[in-house]
Amino acid sequence: MGGIGSGRRFQNRRGPNLEEVPQLDVRVLKRNGLFDLSTSNGSIKWTNTGLSECALEYTYKDSTLGISYAVKTPQTASETVSEHIFIDRTACNYGGTRTWFSCPACNARKAILYCASKRFLCRQCYGLNYRCQNEVYADRMIRKARKLRSKLGASMDLQQPISERPHGMYRATFERLLRQDQDNVRRVVGAYSQRLMSRPN
């Protein structure tokens, strides 16, 4: 049996997270020199749990990025999708320009586009959240507690006490973090207890 915070955690998922879908980052493409020439081309490939395969080929010309990619999910056969994305630029305060995608759906300037279905669109158009935004209270408390314990080099099992002070850490700091850890554990236990009490008999 695992300790508090081990095993499956409570989830309140309504769809994929940002971290779980293929993404196209204009900053990465710029660093790779895609926009240095008037025309250029290349390819990108992903392996992903949400979209098991996503292979993309791109061509850049006249401030437009043409992309063609195959999307395959466990439920559907491979499908080829083609899209044209306008590349916008804004002036920087100290010279030069910053490069943006113009989202194909809403035309807003975005640094990253996501393929949560078949098209590469911005986060707002898909309504995507970061993983931490889909966590319920108990999950957030567990993550917070483990983050503090990682800082102290302690066990991730919240039932295990923290006994050793990290080398070089002031005693007053260590004692303050110990009190914070105890408060975190109480919050996690309280969240689990409330969850169990709210379940129907």
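Me: Buried means under 20% relative accessible area. With that cut-off, what share of the 201 residues in the chain is buried?

Reply: Keep in mind that this is a predicted model. The chain has 201 residues, and the buried ones among them make up 34%.

Me: How many helices and strands does the chain have, and what pattern do they follow along the sequence?

Reply: The tally is 4 helices and 8 strands. Reading along the sequence, you get the pattern β-α-β-β-β-β-β-β-β-α-α-α.

Me: What about the surface: how much of the accessible area belongs to carbon and sulfur atoms?

Reply: The chain's accessible surface comes to about 13,100 Å². The part of that belonging to carbon and sulfur atoms is 47%.

Me: Let's zoom in on Leu177. Is Leu177 buried or exposed?

Reply: Leu177 sits in helix α4, residues 171–198. Its relative accessible area is 4%, and the cut-off is under 20%. So Leu177 is buried.

Me: Which residues is Leu177 in contact with, once neighbours within four places in sequence are left aside?

Reply: One residue to look at on the way is Arg149, 28 residues from Leu177 in sequence and 9.0 Å from it in space, C-alpha to C-alpha. The contacts themselves, with those sequence neighbours left aside, are Leu148, Leu152 and Met169.

Me: Moving to β5, which strand do 5 bridges join it to, and which residue there is the bridge partner of Ile87?

Reply: The 5 bridges join β5 to β6, residues 97–102, and the two strands run antiparallel. Between β5 and β6 there are 5 residues, making a hairpin. Over in β6, the bridge partner of Ile87 is Phe101.

Me: Which residue in the turn of that hairpin has a positive phi?

Reply: The turn belongs to the hairpin that β5 and β6 form. A positive phi of about 100 degrees turns up there, at Gly95.

Me: Now the charged pairs. How many salt bridges does the count come to?

Reply: The rule asks for a side-chain nitrogen of Lys or Arg within 4 Å of a carboxyl oxygen of Asp or Glu. Asp25 and Arg27 pass, with the closest N and O atoms 3.0 Å apart. By this rule the count comes to 6.

Me: Which residue forms a salt bridge with Arg119, and is that partner buried or exposed?

Reply: The partner is Glu83, with the closest N and O atoms 2.9 Å apart. This pair links distant parts of the chain, 36 residues apart: Arg119 is in the loop between β8 (112–114) and α2 (123–126), while Glu83 is in strand β5, residues 79–91. Arg119, at 34% relative accessibility, counts as partly exposed. Glu83 has 12%, so the partner counts as buried.

Me: β5 has Asp88 too. How far apart in sequence are the parts tied together by the pair of Arg109 and Asp88?

Reply: Arg109 forms a salt bridge with Asp88, their closest N and O atoms being 2.8 Å apart. Arg109 lies in strand β7 (residues 109–110) and Asp88 in β5, so the parts this pair ties together are apart in sequence by 21 residues.

Me: Back to Asp25 and Arg27: which of the two is buried and which is partly exposed?

Reply: Asp25 has a relative accessible area of 14%, under the 20% cut-off, so Asp25 is buried. At 39%, the residue that is partly exposed is Arg27.

Me: Which residues are linked in a network of salt bridges?

Reply: Here the salt bridges link up into a network. Its members are Asp183, Arg186 and Arg187.

Notes:
Residues are numbered from 1 along each chain as its sequence is written. This is a predicted model: local features need pLDDT of at least 70, side-chain atom pairs count only at pLDDT 80 or more; totals for chains, interfaces and linings use all residues. Side-chain values use heavy atoms; hydrogens and water are left out. Buried means under 20% relative accessible area, exposed over 50%, partly exposed in between (1.4 Å probe, protein chains only). Contact means heavy atoms within 4.5 Å. Two strands pair if DSSP finds at least two bridges between them. Accessible areas come from the Shrake-Rupley method with a 1.4 Å probe; for residues, only the protein chains shown count as cover.
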